[in-house]
There are 4 protein chains.
Amino acid sequence: MRPEERRAQIKDVARRLFGERGYHRTQISDLIEAAGIARGTFYLYFRNKREIFGELVDDLVATIDTCIRGIEVGDGQPSVGEQMRGNLSRILETLAQNRPLARILLRAAVGLDPDFDRRVDDFYRQVSNRIAEGVALGLEMGIVHPCDPHVAAIMILGAIKEVVYQYLVATDGEPDWDEVTNEVLGYVVRAVLTP
Amino acid sequence: MRPEERRAQIKDVARRLFGERGYHRTQISDLIEAAGIARGTFYLYFRNKREIFGELVDDLVATIDTCIRGIEVGDGQPSVGEQMRGNLSRILETLAQNRPLARILLRAAVGLDPDFDRRVDDFYRQVSNRIAEGVALGLEMGIVHPCDPHVAAIMILGAIKEVVYQYLVATDGEPDWDEVTNEVLGYVVRAVLTP
Amino acid sequence: MRPEERRAQIKDVARRLFGERGYHRTQISDLIEAAGIARGTFYLYFRNKREIFGELVDDLVATIDTCIRGIEVGDGQPSVGEQMRGNLSRILETLAQNRPLARILLRAAVGLDPDFDRRVDDFYRQVSNRIAEGVALGLEMGIVHPCDPHVAAIMILGAIKEVVYQYLVATDGEPDWDEVTNEVLGYVVRAVLTP
Amino acid sequence: MRPEERRAQIKDVARRLFGERGYHRTQISDLIEAAGIARGTFYLYFRNKREIFGELVDDLVATIDTCIRGIEVGDGQPSVGEQMRGNLSRILETLAQNRPLARILLRAAVGLDPDFDRRVDDFYRQVSNRIAEGVALGLEMGIVHPCDPHVAAIMILGAIKEVVYQYLVATDGEPDWDEVTNEVLGYVVRAVLTP
DNA sequence: AATGAATGAGTTTTCATTCAT
DNA sequence: TATGAATGAAAACTCATTCAT
């Protein structure tokens, strides 16, 4: 098998296993067995267990990141609500199509060690900053309730995280994503926008 | 030292260490050193590492639980908003006064193994059910926007969790809790209550 | 067993094994089996394989060092030759009584890695410096042939090392040490002293 | 590249690496990278790591061996001292021009395993035997001090080895070889020859 | 009620060697 | 003649748990 293929295959297997069992309960032995490779082969592609996990975390952080587009105001732009809905449904869709991704981000990568926690926290902080910017913009335009944009952003982020957690991580359910997206959107809109 | 005292002392030390370093990075060696006891002594009081951690998780779940009072409607009761504020500020205060508690619940106990995840998830589900009941009640009374009470409850829970996470777990900051409580309350109220 | 005893016992066993088989061919498994202890017990007393080996090297370097006394000239002192003989026979006796010691210093600790090589080289350099000082003193007193004291010291050291190597390391023989000491002494004396 | 050339090239690279880092710290990966060949190619030319190292050791033992000519006494022969000087300077020159050679013989091949140790020891024993023969001859001729030729030979060998070790192996210095040769020669001559 | 020396199963990681192309 | 992806046995090290004192 060509190196890039092999590497990708191992990462696929690892993503699934780490998502299912978490970091510590996924052993190299499980991984190589599931991938159908020899022990040494794994270390041919990844320096160690941390490294492959770190790569997975970085990858999925990047994946989520591409789902988020800054809200643009101006002629010819979709409405703010439309743009928010776009961001939200892209994120939910991406995660729904790849649960291990959600499970790693919201569960497996949590509390492992300061480095991973920092990486994940940085990502969330970045996302919440982008949300806060949007809220601040809305404040200036007078379409957002007077509030602390930073705290509001944290709560919006938390609401989304929890929805993802409940529907994709903690359970195996398969909700109607359009409906959930609408609910989330309505909730957020009411929470921050002036009527 | 009397048995109950010793037991309590070990748990205090463990709560701090697990909160600081997480489950796997806290070793029995760290624990007994910090507690100033011999290795064997630890095992006189706790069957194993899981057990003490499990107890801590159960304890703090119970602690948080006592902070939450069902919303009561009727003559002589404080307003619904007042009752919500009470719940919220009791939770935030309790956690703010004991960060290890927050760190264990939101970080150390996450993704460890199916059993712990289930215990924690059950707790959150219970909390979100109580919130959902409140929302459903509000719906019946016509004071809450038409929405899916379950999804709304998840988002309210998520907003609170994230605030706690950002202010108590991910950083060492010390915000003005009254202000934060007000922000959260305003956000939740606007999100669900009809104007 | 009391910690110090256990530690000493493990070192004794390790000294023998490292002496017999060298560093790489002595595995922790061999060591703990020979010592009659469990794997973990070894790591209770030594951080790792390098550490115990390093301690052994340092110990024996110190042991040899105590055999060497600076040559003193003056009334009431034994003759220079007598003092040289004393140094020599103390070294040979010490090593003869403890072959693993010689085997570690002259064989097992050689070429392992830069750190060990440096430690051993430093020791030899120190010894050769002490010899060179003696030779330089003899030069000033006119009782030593004109020569480069540094080179002479290296050769004297080499002569002794090779004798030890041939009789204690490379073979299992048991020569007449008095005779060997005399031969070495005669050789060195002729090589450096004026007739 | 022609097979013999390739083989020679790999050996050149290996000699350098083994000399620099020793046996265990030189990995096949280092070797093939430095030689610019593929992993499999190495094994086309050498059965395994031991084999190439063994060949190098044998080669250099043979190389040194050709530097040593038996001392011949008779009309038309250079003086004994001249012949000794010849042997000595050929050895020192050869090693000085190829430090890896010295480093392998005096450091990398030491204490690896019984087989290599035996090979190297055999070589030294052979050299020391040739020296001992010369000394015995001198004894018969009355030009050598009464001494045990075997012990004397060991010490002469040791003196030379240590000079080589100090100047070529342990340090990167570049002494004046003529001077060193003279010092060594003077030392040996004084040590064994009658005035 | 406490001690702390000892245990050993379990896990990661290394690296010389092979073999299909 | 050369390649380089794959192998897997072997080795070091960890750490929760036990048990004799």
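## Contacts and the fold of chain A

Two residues are in contact if their C-beta atoms, placed from the backbone, lie within 7 Å. By that criterion, among contacts in chain A between residues at least 6 apart in sequence, 66% join residues at least 24 apart. The model described here is predicted.

Chain A contains 9 helices and 0 strands. Read from the N terminus, its elements follow the order α-α-α-α-α-α-α-α-α. The C-alpha trace of chain A spans about 60 × 35 × 30 Å along its principal axes. Of the 195 residues in chain A, 39% count as buried.

## Helix α6 of chain B

A helix of chain B illustrates burial within the structure. In helix α6 of chain B, residues 99-108, 9 of the 10 residues are buried, so this helix is largely enclosed by the rest of the structure. The buried residues of α6(B) are B:Pro100, B:Leu101, B:Ala102, B:Arg103, B:Ile104, B:Leu105, B:Leu106, B:Arg107 and B:Ala108.

The cover over the buried residues of α6(B) includes several helices of chain B: α1, α4 (49-67), α5 (80-96), α7 (114-141) and α8 (149-169).

## The contact between chains A and B

Chain A meets chain B through 33 residues of chain A and 33 residues of chain B. On the side of chain A that touches chain B, the elements that give two or more residues are α6 (99-108), α8 (149-169) and α9 (177-192) of chain A. Of these, α8(A) gives the most, with 11 residues. The residues on this side of chain A comprise 17 nonpolar, 7 polar and 9 charged.

## The contact between chains D and C

The contact between chain D and chain C takes 33 residues from chain D and 32 residues from chain C. On the side of chain D that touches chain C, α6 (99-108), α8 (149-169) and α9 (177-192) of chain D each supply at least two residues. The largest share of that side, 11 residues, comes from α8(D). By residue class, the side of chain D that touches chain C divides into 17 nonpolar, 7 polar and 9 charged.

A turn of 180° with a shift of 0.0 Å along the axis lays chain D on chain C with an RMSD of 0.1 Å. That is the relation of a two-fold axis. The same surface serves both copies, as 97% of the contact residues of chain D recur in chain C.

## Chain pairs without contact

Two other pairs of chains remain apart. Chain A and chain C do not touch, and their nearest C-alpha atoms are 21 Å apart. No contact joins chain B and chain D either; the closest C-alpha atoms of that pair lie 33 Å apart.

## The surface near DNA strand E

There are 34 residues around DNA strand E, and those that come nearest are A:Gly40, B:Gly40, C:Ala38, C:Gly40 and D:Asn48. The surface near DNA strand E divides into 14 nonpolar, 12 polar and 8 charged residues.

Helices of chains A, B, C and D contribute to this surface. At least two residues each are supplied by α2 (28-35) and α3 (39-45) of chain A, and by α1 (3-21) and α3 (39-45) of chain B. The same holds for α1 (3-21) and α3 (39-45) of chain C, together with α2 (28-35) and α3 (39-45) of chain D.

How values were computed. Residues are numbered from 1 along each chain as its sequence is written. Chains are lettered from A and ligands numbered from 1 in the order in which they are written. This is a predicted model: local features need pLDDT of at least 70, side-chain atom pairs count only at pLDDT 80 or more; totals for chains, interfaces and linings use all residues. Helices (H or I, at least four residues) and strands (E, at least two) are DSSP runs, numbered from the N terminus. Ala, Val, Leu, Ile, Met, Phe, Trp, Tyr, Cys and Pro count as nonpolar, Asp, Glu, Lys and Arg as charged, and the others, Gly among them, as polar. A residue is near a molecule or strand if its C-beta atom, placed from the backbone, lies within 6 Å of it. Copies are superposed by least squares on the C-alpha atoms of residues with pLDDT of at least 70 in both. A residue is buried if 20 or more other C-beta atoms lie within 10 Å of its own, exposed if 12 or fewer, and partly exposed in between; C-beta atoms are placed from the backbone.
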